[in-house]
Amino acid sequence: MFSNKTDGPRRGRSFDSINKYYEEKQLNNELNKSTFNNADEHQDKILPSKREHAAIIFSLKNEVGNLVKALKLFQENQVNLLHIESRKSRRSNSELEVLVDCDSERETLKEIIQLLKKQTSTVTMDSPEKLCFAEDDFSEEHWFPRKISDLDKCANRVLMYGSALDADHPGFKDNVYRKRRKYFADLAMNYKHGDPIPRVEFTDEEVRTWGVVFRELNKLYPSHACREYLRNLPLLSQHCGYREDNIPQLEDVSRFLKERTGFTIRPVAGYLSPRDFLAGLAFRVFHCTQYVRHSSAPLYTPEPDTCHELLGHVPLLAEPSFAQFSQELGLASLGASDDAVQKLATCYFFTVEFGLCKQEGKLRAYGAGLLSSISELQHALSGSAKILPFEPKVTCRQECLITTFQEVYFMSESFEEAKIRMREFAKTIWRPFTVRYNPYTQSVCVLKDMPSINSVVEELRHELDIVGDALHRLNKHLGI
């Protein structure tokens with residue numbers, strides 16, 4: 001799940017408002033990628049003695065007062081600040097990345113990390129000598145994961161919600177619900193690639209809420225959902241326990257998808273940036289929430305919950321053509337510019353989340369946002385909604401609406417048609433390389449020179465030899 005909200009005009013950098021004696025210097029090179037590790041996982045290695053010298057990087061919204069608020073945490077905990085640098089984030093135009101060189105007691109630095117996580121979207125800590133700003137082969141490009149385990153470095157960069165709730169959230173004043181949300185957030189934040197997804201004992205209230213959503217949506221699916229969705233939903237009931245009185249476990253769903261299309265589920269605490277979310281799709285990993293919406297409003301949720309994920313997304317992730325379409329969107333995003341990623345995310349929004357298709361001459365929904373929303377599903381197929389053909393060059397400029405029905409929906413004749421159009425659109429996105437997914441190693445190969453391209457050619461020749469041999473044997477069998 002990713003956040004597609006856009007921010008207003010960027011304000012000027014407010015670094016001078018902190019302390020006129022702090023040195024401000026623009027960082028010109030990409031952060032050394034090896035430093036983007038989980039702070040909790042490495043801090044004991046970094047801080048072997050009682051008082052230590054450390055470098056902390058965090059990202060925050062570029063808004064007046066945010067940097068002051070973050071740096072105040074260091075002041076309140078009596079952490080000695082030695083050096084500060086800031087730069088515009090290369091992941092988001094609306095964020096700053098801040099490097100703080102400091103020293104303090106080990107336990108205090110641990111506390112600072114936890115406090116920063118509540119206010120900022122990214123927190124990384126390492127020793128200053130390791131935290132360099134050096135160039136590599138892709139110094140002018142955005143960092144992206146090269147292997148599936150690299151998702152550990154970006155899966156916890158939650159931008160919105162997580163265990164914190166906005167004041168207008170239905171569960172904001174419910175302390176029991178907020179505690180429950182923190183429980184789910186902690187499960188996701190502690191997850192690492194290769195771990196089994198923790199099984200959850202859902203409360204009776206959560207099961208009742210799921211049951212209302214499940215029951216009401218299933219009344220609409222026969223007449224509103226696409227045939228691929230209707231084909232896979234019974235399989236999920238059979239193999240993963242999709243029932244009105246039972247919330248499926250993510251581990252069971254992940255194993256089912258792995259056998260069907262190679263997709264797996266990864267728990268996530270809340271909204272990810274479009275770049276981080278799409279990067280997961282490149283590896284056939286779907287970041288999925290595990291919490292349930294508040295029981296006071298079972299047919300409404302301000303953010304994707306497990307009802308949306310399991311009923312909206314999962315049935316179509318079990319469809320090979322749709323899974324391929326999703327992965328190709330993700331692969332196109334790797335190393336792309338912020339503007340290109342935003343265009344891809346918008347195309348994702350109006351296809352995977354709110355897409356329509358025509359089957360047997362009738363409109364059907366395949367977007368998860370529609371298939372998990374009773375009111376918008378009915379609206380989109382009511383005959384009164386504005387519907388246009390899916391054309392990525394047009395779709396990528398359409399505004400994404402979060403709190404109301406979409407002003408326009410986009411229709412494809414089939415997943416194959418949508419995939420072909422997205423492939424052509426992806427070719428217009430400039431990168432000095434292309435990428436190819438290796439399913440055997442669950443990694444991406446960067447094709448940027450003749451040796452890397454020749455390697456792929458050799459693999460393709462081998463695959464063509466297999467096809468040629470199969471045709472020869474078939475012809476011989478048929479006596480041709």
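Student: I would like to begin with the backbone; which residue takes a positive phi just after α8?

Tutor: The general idea is that most residues other than glycine have a negative phi. In this structure, which is a predicted model, R284 takes a positive phi of about 55° just after α8. Another helix is followed by such a value too, for just after α7 the residue G262 has a positive phi of about 85°.

Student: Where in the chain does Q78 lie, and is Q78 buried or exposed?

Tutor: Q78 lies in the loop that runs between α2 (66-76) and β2 (80-88), and with a relative accessible area of 68% Q78 is exposed. The phi of Q78 is near 55°, a positive value in a residue other than glycine. You can read E360 in the same manner: its phi is near 55°, again positive in a residue other than glycine, its place is the loop between β7 (356-359) and β8 (362-365), and its relative accessible area of 66% makes E360 exposed.

Student: Returning to helix α8, how many of its residues are buried, and what do they pack against?

Tutor: A residue is called buried when its relative accessible area is under 20%. By that cut-off α8 is mostly covered, since nine of its nine residues are buried; among them are the charged residues R275 and D276 as well as F277, L278 and L281. The buried residues of α8 pack against β6, α10 (320-333), α11 and β11 (434-438).

Student: Which residues of helix α7 are buried, and what covers them?

Tutor: For α7, which spans residues 250-260, the buried residues are L250, E251, V253, S254, F256 and L257. To read such a list, recall that an α-helix has 3.6 residues a turn, so residues three or four places apart point the same way. The cover over the buried residues of α7 includes α6 (227-240), β5 (264-267), β6 (285-288) and α9 (306-317).

Student: How many residues are in the largest nonpolar core, and which of them have the most contacts inside it?

Tutor: The general idea is that in soluble globular proteins nonpolar side chains tend to be buried together. Here the largest nonpolar core has 82 residues, and those with the most contacts inside it are Y229, Y242, L257, F286 and L311. Helix α11 (residues 338-353) supplies the largest share of this core, nine residues. There is also a second, separate core of 19 residues, which includes L73, F74, V100 and L109.

Student: Taking Y242, which residues is it in contact with once its neighbours within four places in sequence are left aside?

Tutor: With those neighbours left aside, Y242 is in contact with F214, L233, L236, S237, P248, V253, L310, L311 and V314. Two of these names have already come up, since V253 is a buried residue of α7 and L311 is listed with the most contacts inside the largest nonpolar core.

Student: How many cavities of 30 Å³ or more does a search of the whole structure find, and what lines the second largest cavity?

Tutor: The search finds four cavities of 30 Å³ or more, and about 60 Å³ of space lies in the second largest cavity. Its lining is formed by W143, F144, P145, C154, R157, R275, D276, A279, S333, L334 and G335. Sorted by class, that lining has six nonpolar, two polar and three charged residues. Helix α8 (residues 274-282) gives the most to it, with three residues.

Student: How many salt bridges does the structure hold, and which parts does the pair R215 and E244 tie together?

Tutor: The structure holds 28 salt bridges. In the bridge between R215 and E244, the closest N and O atoms are 2.6 Å apart. Because R215 lies in helix α5 (residues 204-224) and E244 in the loop between α6 and α7, the pair ties together parts that are 29 residues apart in sequence. Both partners count as partly exposed, R215 at 33% relative accessibility and E244 at 36%. Salt bridges that share partners join R215, E216, K219 and E244 into one network.

Student: Where do K110 and E107 lie, and how many residues apart are they?

Tutor: K110 and E107 both lie in helix α3 (residues 106-119), three residues apart, which is about one turn of the helix. Their side chains meet in a salt bridge with an N to O distance of 3.4 Å, and E107 is partly exposed, with a relative accessible area of 46%. A further case is E424 with K427, whose side chains meet at 3.2 Å, N to O; E424 is partly exposed at 45%, whereas K427, at 62%, counts as exposed.

Notes
Residues are numbered from 1 along each chain as its sequence is written. This is a predicted model: local features need pLDDT of at least 70, side-chain atom pairs count only at pLDDT 80 or more; totals for chains, interfaces and linings use all residues. Side-chain values use heavy atoms; hydrogens and water are left out. On a 1 Å grid over the protein atoms alone, a cavity is a set of points where a 1.4 Å probe fits but cannot get out, and a pocket is an open set with protein on both sides within 12 Å along at least five of seven lines; lining residues have an atom within 4 Å of a point. Grid points are joined across faces, edges and corners, and a volume is the space filled by probe spheres set on the points. Helices (H or I, at least four residues) and strands (E, at least two) are DSSP runs, numbered from the N terminus. Buried means under 20% relative accessible area, exposed over 50%, partly exposed in between (1.4 Å probe, protein chains only). Contact means heavy atoms within 4.5 Å. A nonpolar core is a set of buried Ala, Val, Leu, Ile, Met, Phe, Trp, Tyr and Cys residues joined through side-chain atoms within 4.5 Å. A salt bridge is a side-chain nitrogen of Lys or Arg within 4 Å of a carboxyl oxygen of Asp or Glu.
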